[in-house]
Amino acid sequence: MTDRPRFALRFISGKYQGGEFPLRMNREIIIGRSSDLDMVLVEDMVSRRHAKITSTDADILIQDLGSTNGTFVNGEKIAGRHKLAEGDRILVGTSIIKLVGVDAASANQTEAEARRRLEAGASRQSTSGRPMSGVIEEIPLPDLLQLLSTSRKSGVLSVGSGGLVGKIYMRKGAIYFAAINDDFAVSPQKAIYRMLTWQTGTFELEPSVELQVMEEIQESTEGLLMEGVRQLDEFRNIQRHLPPLGSPLAVPTPLAGKLRDLSPAELDTFQLVLDHGQLQKVLDHYPGTDLDGAQHIITLMKREFVVVP
């Protein structure tokens with residue numbers, strides 16, 4: 001038997017972001033706030049003895065040690081011992097930790113060195129005052145929102161991607177409002193569904209700000225994410241039939257058919273093309289989802305009621 005590590009714990013968000021801790025085989029490590037433990041995470045939401053990770057030649061197991069705020073794996077609160085697989089994401093306090101295959105540098109790093117690096121990284125992060133931040137490439141937005149929901153976090157999740165800034169307002173894990181670039185004309189559900197399509201960018205959980213809005217989102221976070229992912233899959237399937245979002249749209253003359261042949265929803269979309277003349281603006285003003293609006297535009301284009309000039 002050997003204790004040479006095959007895996008490491010990589011901190012992808014939170015106070016210790018960027019740190020990596022090698023998991024030596026045939027070893028138990030205790031994670032918590034107490035200074036005499038193997039992995040010390042100094043933050044209020046971490047219990048003195050929070051969780052235990054056991055590494056054997058065959059398996060890596062994690063167990064919550066009766067912590068106040070719980071230990072989560074891939075968005076699910078664990079009870080008892082839970083087997084980990086490479087790529088799993090663990091939430092302890094505000095730290096999101098990913099189980100990764102070890103590289104040569106980490107394999108040769110001692111636990112004492114890893115602890116020193118974690119502490120040094122934490123002191124740098126604390127000066128920036130950002131308790132929970134990271135990149136979408138490391139943890140996709142649906143996974144991040146699921147983690148925040150099941151751990152009942154409150155705050156404003158600020159997400160930046162391609163010059164856009166989205167904000168998702170959460171209260172004890174429930175999403176109650178969302179907007180992109182502070183545009184309150186677009187429904188909060190539509191804003192969330194759009195953000196779920198972002199594949200690159202940064203996120204930061206800012207302190208809770210109670211926003212007074214006319215209509216709060218009533219759907220559960222789980223329901224929003226399921227519907228958002230469904231719409232994302234369907235939108236990707238039809239996207240090849242759409243011009244780029246910034247494309248102008250126009251109505252040809254003469255029309256290829258009779259307006260009375262259009263359904264009420266298609267007629268409303270046709271009106272939006274007349275009023276706004278650009279695909280993104282039409283989708284912004286369409287009262288339903290981007291998916292439904294896009295499907296109507298594709299139908300209108302196929303029937304030559306709408307063209308790209």
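These questions and answers walk through one predicted model.

The model is predicted: local features need pLDDT of at least 70, side-chain atom pairs count only at pLDDT 80 or more, and totals for chains, interfaces and linings use all residues. Residues are numbered from 1 along each chain as its sequence is written, and side-chain values use heavy atoms, with hydrogens and water left out.

Visitor: Which strand holds lysine 167?
Guide: Helices (H or I, at least four residues) and strands (E, at least two) are DSSP runs, numbered from the N terminus. Lysine 167 falls in the run of residues 164–171, and that run is strand S14.

Visitor: Is lysine 167 partly exposed or buried?
Guide: Buried means under 20% relative accessible area, exposed over 50%, and partly exposed in between, with a 1.4 Å probe and protein chains only. The relative accessible area of lysine 167 is 25%. Therefore lysine 167 is partly exposed.

Visitor: Which residues does lysine 167 touch, not counting residues up to four places away in sequence?
Guide: Contact means heavy atoms within 4.5 Å. By that rule, lysine 167 touches Val156, Leu157, Ser158, Phe177, Ala178, Ala179, Asp182 and Met195.

Visitor: What distance separates the C-alpha atoms of lysine 167 and glutamate 204?
Guide: Along the chain, the two residues are 37 residues apart. In space, their C-alpha atoms are separated by 9.7 Å.

Visitor: What is the strand order in the open sheet with S14?
Guide: Two strands pair if DSSP finds at least two bridges between them. This sheet has five strands with antiparallel pairing. Its edge strands are S12 (133–135) and S15 (174–180), each pairing on one side only. The twist averages 20° from one strand to the next. The order is S12-S16-S13-S14-S15.

Visitor: How many bridges pair S13 with S14?
Guide: Strand S13 covers residues 155–161 and pairs with S14 in the antiparallel sense. One partnership puts glycine 160 with valine 165 in S14. The count of bridges is seven.

Visitor: At what angle does helix H4 run to S15?
Guide: Axes are lines fitted to C-alpha atoms, for helices over the stretch in contact, and angles run from 0 to 180 degrees between N-to-C directions. Helix H4 (residues 188–195) lies across S14 and S15. Its angle to S15 is about 80°.

Visitor: How many residues of H4 are buried?
Guide: H4 is mostly covered. Its buried residues pack against H3 (141–150), S14, S15, H5 (221–238), H7 (279–285) and H8 (290–302). Of its eight residues, the buried number is seven.

Visitor: What is the volume of the largest pocket?
Guide: On a 1 Å grid over the protein atoms alone, a cavity is a set of points where a 1.4 Å probe fits but cannot get out, and a pocket is an open set with protein on both sides within 12 Å along at least five of seven lines; lining residues have an atom within 4 Å of a point. Grid points are joined across faces, edges and corners, and a volume is the space filled by probe spheres set on the points. For the largest pocket, that volume is about 540 Å³.

Visitor: Which residues are closest to the centre of the largest pocket?
Guide: The lining has 25 residues. S15, H4, H5, H7 and H8 each supply at least two of them. The closest to the centre are Arg194, Thr197, Leu245, Gln280 and Asp290.

Visitor: Which residues line the largest cavity?
Guide: The search finds one cavity of 30 Å³ or more in the whole structure. About 30 Å³ of space lies in the largest cavity. Its lining is Met45, Asn69, Gly70, Phe72, Leu91, Val92, Gly93, Ser151 and Lys153.

Visitor: Which residue stands opposite phenylalanine 72 in S10?
Guide: Strand S7 (residues 71–73) and S10 (residues 89–92) pair in the antiparallel sense over three bridges. In S10, Arg89 and Leu91 point one way, Ile90 and Val92 the other way, and all are buried. Opposite phenylalanine 72 stands leucine 91.

Visitor: Is serine 55 buried or exposed?
Guide: Serine 55 is found in strand S5 (residues 51–55). Its contacts include Leu23, Arg24 and Ile60. Its relative accessible area is 2%, so serine 55 is buried.
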